[in-house]
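Subject: Structure handover

Hello,

Here is the structure for you to look at. Please open it first, then read my notes below.

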Amino acid sequence: MRSNIAKGNSGLTYEIRNIVLVAEELKKNGIEVTWENIGDPVSKGEIIPEWMKDIVKDVASKNESYAYSPTKGVLSTREYLANQINKRGGIQITPDDILFFNGLGDAVDKLYSCLRPDLRVLLPEPTYSSHYISEVAHGSIPPLTYRMNPANNWQPDLNEIREKVRRYKAIVGILVLNPDNPTGFVYPENLLKEIVQIAKENDLYLIFDEIYNKIVYNGKKSVLLADIVGDTPAISLKGISKEFPWPGSRCGWMEFYNTDKDESFKEYVNTIVQKKMSEVCSTTLPQMALPIIMEHPEYNNYLLERSTHYQKLSNIAYDILKENKYLFVNRTDGAFYMAVAFKDGILNNKMKLKIANKNVESFVEKLMDPDMELDKRFVYYLLGSTGICVVPLTSFYTDIPGFRMTLLEKDLNKFEKTVKTISDKVIEYVESV
């Protein structure tokens with residue numbers, strides 16, 4: 001080309017999928033990979049019930065499922081979702097307060113790209129990669145974050161949030177992921193109300209990513225933003241990729257709360273709608289299927305069965321890993337991930353795991369870099385040594401070293417063996433020097 005045509009990137013990588021490239025290379029050398037890196041229940045063996053498939057088949061037989069939908073989404077589906085919120089008795093919304101996207105990745109990108117570049121959203125740390133990458137891309141500088149504390153069940157410090165909001169006037173919004181990804185923390189109601197109050201007192205808006213709101217267990221309850229938001233401007237993010245689960249549908253939506261309470265917020269929301277309008281619309285078929293699936297008499301039982309299974313895996317993993325003296329381990333109560341942190345100062349760049357396959361050993365050693373994050377070194381050695389593919393915690397944009405694994409394996413015995421292997425390898429790795 002007559003010029004370098006690629007726009008410079010931010011240097012950020014999506015490690016959840018990037019590590020797949022490494023694993024695929026190892027598979028060429030005979031390594032059997034146990035995938036614990038990505039939150040896709042279907043790829044981990046989740047069997048979609050026949051009644052749900054029958055609904056999708058029936059909707060797919062209708063001509064209108066092949067057409068464009070309105071820009072904001074199928075009206076009957078938005079009416080259904082608005083009614084689901086309104087009958088809870090909290091915030092009251094209309095179908096016009098709902099906007100569909102091709103998955104929440106699309107929605108997250110719009111959230112930040114429509115924000116003035118000099119303004120920031122306060123993010124949790126660690127945080128889900130899509131939020132971090134999109135927020136940094138819009139601002140072009142490192143984010144402002146509040147720490148999720150592994151020594152306190154991953155609970156954030158409200159005083160830190162208050163201080164960050166007070167000190168940095170560029171902050172105009174606060175992001176909450178509830179249940180949280182990657183930690184699996186489920187926020188108690190009192191903590192959420194305090195965050196809403198902080199936003200209200202400082203004239204901020206809220207973003208609550210609630211895509212896992214129906215996947216909670218261990219006696220916890222997921223409190224929706226709609227129930228506690230009051231008159232604070234806010235956006236809730238929801239979707240069906242994890243709940244149905246139907247990740248391949250790419251179907252998520254925003255719910256806008258209190259757009260009439262602040263002109264600046266209303267203009268921001270209108271900007272998001274206008275940007276979506278330039279893409280015409282989102283996928284029609286899953287929108288049409290959504291209310292029918294959610295109203296099916298087996299739907300709630302299906303959700304309960306899945307949550308009960310995740311609870312079993314959560315407790316298996318917790319009971320095994322909590323005994324490891326080198327780790328901070330908290331029980332996962334929502335979503336289907338477990339984030340495990342190494343204790344302070346445990347890791348260094350001299351540690352290794354034995355890798356029996358010499359070609360794999362050579363490949364892994366070539367990946368090592370003096371500046372590589374210490375938990376990423378462990379994750380690559382774990383992959384080469386055992387075939388277990390987890391994600392380094394620092395790839396969720398925190399300086400807390402650790403790893404995230406999923407709670408999606410259908411075979412309980414295989415899962416228990418995997419977790420025991422991870423724990424054993426942590427010990428072997430740390431004690432290798």
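Start with the sheet in this predicted model. It is open and has 4 strands, in the order β10-β11-β14-β13. The pairing is antiparallel. Which strands sit at the edges? They are β10 (327-329) and β13 (391-392), and each of these pairs on one side only.

Now look at β10 and its partner. Strand β11 covers residues 337-342 and is joined to β10 by 3 bridges. The two run antiparallel. To find the pairing on screen, look for V329, which stands opposite V340 in β11.

Two helices pack on this sheet. Helix α11 (residues 299-321) touches β10 and β11. The direction of α11 makes about 15° with that of β11. Helix α14 (residues 412-430) touches β10, β11 and β14 (402-406). The direction of α14 makes about 170° with that of β14.

Next, a pair of helices. Two packed helices are described by the angle between their axes and the distance between the axes. Take helix α4 (residues 104-113) and helix α9 (residues 263-277). Their axes come within 9 Å and cross at roughly 130°. That angle makes α4 oblique to α9, because it falls outside the ranges for roughly parallel, perpendicular or antiparallel. The crossing of α4 past α9 is right-handed.

Which residues make the contact? From α4 they are D106, K110, L111 and S113. From α9 they are Y268, I272, K275 and K276. By type, the contact of α4 with α9 has 4 charged residues, 3 nonpolar and 1 polar.

Best wishes

Definitions and conventions
Residues numbered from 1 in each chain as written. Predicted model: local features only at pLDDT ≥ 70, side-chain atom pairs only at ≥ 80, totals over all residues. Heavy atoms only, no water. Pairing = 2+ DSSP bridges. Contact = heavy atoms within 4.5 Å. Axes fitted to C-alpha atoms, helices over the stretch in contact; angles between N-to-C directions. Parallel < 35°, antiparallel > 145°, perpendicular 65-115°, else oblique. Left-handed = near helix turned anticlockwise from the far one by under 90°. Nonpolar A, V, L, I, M, F, W, Y, C, P; charged D, E, K, R; others polar.
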